[in-house]
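Please walk through the protein chain shown here, beginning with its cysteines and then moving outward to the strands that carry them and to the chain as a whole.

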Amino acid sequence: MHLQELLLVVAVVLPQCLRALRYSQGTGDENCETLKSEIHLIKEEFDELGRMQRTCNADVIVNKCEGLCNSQVQPSVITPTGFLKECYCCRESFLKEKVITLTHCYDPDGTRLSSPEMATMDIRLREPTECKCFKCGDFTR
């Protein structure tokens, strides 16, 4: 890129970036938190030949990460794209295992199962207990 082209890009893009930066810095506060969320879980169980034995489901409350993290884009003459991006995402910082009991179980024909060993199904999942802002794409933790 020639110097004239680069100066034109900076002249056109810089005001947009400054407006975006002022907007993103509105409060300057990050708001990444752990929230409760209701989801519908469905789990199918198969035998060793691959035939479905039962399907179980339930509406359950689990934790999720949600919120805003401060990020910015600024012009740069060093980077190939002409911009230096610093993006941060709201993600889990700690997970714990949770056992959930699915209470509505059905056979392959859709008949509700009532025998004690088939009427419910326990499943394990990992849910966040803490959330915070991390550099986007950073999976090294």
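Is Cys-136 buried, partly exposed or exposed, and at what relative accessibility? In this predicted model, Cys-136 has a relative accessibility of 31% and therefore counts as partly exposed, since that class lies between the limits of 20% for buried and 50% for exposed. The bonding partner of Cys-136 is Cys-89, and the two sulfur atoms of this disulfide are 2.1 Å apart. About the S-S bond of Cys-89 and Cys-136 the torsion is about 105 degrees, which makes the disulfide right-handed. Because Cys-89 belongs to strand 5 while Cys-136 sits in the segment after strand 7, the pair ties together parts of the chain that are 47 residues apart in sequence. Cys-89 is itself partly exposed, with a relative accessible area of 27%.

A further cysteine, Cys-87, has to be considered alongside this pair. The closest cysteine sulfur to that of Cys-87 is the one in Cys-136, but the separation is 5.1 Å, which is too far for a bond, given that a disulfide requires sulfur atoms within 2.5 Å. Cys-87 counts as partly exposed, at 32% relative accessibility.

A search of the whole structure finds 5 disulfides, and when the bonded cysteines are counted along the protein chain, the pairing follows the pattern 1-6, 2-7, 3-8, 4-9, 5-10. One of these disulfides is formed by Cys-32 and Cys-90, with the sulfur atoms 2.2 Å apart. Its torsion about the S-S bond is about 80 degrees, so the disulfide of Cys-32 and Cys-90 is right-handed. Since Cys-32 lies in strand 1 and Cys-90 in strand 5, which covers residues 88-102, this pair ties together parts that are 58 residues apart in sequence. Cys-32 counts as buried at 18% relative accessibility, and Cys-90 is buried as well, with a relative accessible area of 17%.

Another disulfide joins Cys-65 to Cys-131, with an S to S distance of 2.0 Å. Here the torsion about the S-S bond is about -80 degrees, and so the disulfide of Cys-65 and Cys-131 is left-handed. Because Cys-65 is located in strand 2 and Cys-131 in strand 7 (residues 121-135), the pair ties together parts that are 66 residues apart in sequence. At 13% relative accessibility, Cys-131 falls into the buried class.

Strand 7 also holds a charged residue that deserves attention, namely Glu-127. Is Glu-127 buried or exposed? With a relative accessibility of 3%, Glu-127 counts as buried, because the value is under the 20% limit for that class. The side chain of Glu-127 reaches the backbone nitrogen of Asn-63 at 2.7 Å. When residues up to four places away in sequence are left out of the count, Glu-127 touches Val-62, Asn-63, Phe-94, Leu-95, Lys-96 and Lys-98.

From the cysteines and Glu-127 the path leads on to the pairing of strands. An open sheet of 3 strands has the order 1-2-6, and its pairing is antiparallel. Strand 1 (31-46) and strand 6 (104-106) are the edge strands, each of which pairs on one side only, and the twist from one strand to the next averages 25 degrees. Strand 2, made up of residues 52-68, pairs with strand 6 in the antiparallel sense over 3 bridges. Within these strands, Thr-55 stands opposite Tyr-106 in strand 6.

What, finally, does the protein chain contain in terms of helices and strands? The chain has 1 helix and 7 strands, and from the N terminus on these elements run α-β-β-β-β-β-β-β. Of the 141 residues of the protein chain, 23% count as buried, Glu-127 being among the residues in that class. Among contacts between residues at least 6 apart in sequence, 66% join residues that are at least 24 apart. The protein chain exposes about 10200 Å², and carbon and sulfur atoms supply 54% of that area.

Note on methods: Residues are numbered from 1 along each chain as its sequence is written. This is a predicted model: local features need pLDDT of at least 70, side-chain atom pairs count only at pLDDT 80 or more; totals for chains, interfaces and linings use all residues. Side-chain values use heavy atoms; hydrogens and water are left out. Two strands pair if DSSP finds at least two bridges between them. Helices (H or I, at least four residues) and strands (E, at least two) are DSSP runs, numbered from the N terminus. Axes are lines fitted to C-alpha atoms, for helices over the stretch in contact, and angles run from 0 to 180 degrees between N-to-C directions. Buried means under 20% relative accessible area, exposed over 50%, partly exposed in between (1.4 Å probe, protein chains only). A polar contact is a pair of N or O atoms within 3.5 Å; within protein, one must be able to donate a hydrogen and the other to accept it, and residues adjacent in sequence count only if both atoms are side-chain atoms. Contact means heavy atoms within 4.5 Å. Accessible areas come from the Shrake-Rupley method with a 1.4 Å probe; for residues, only the protein chains shown count as cover.
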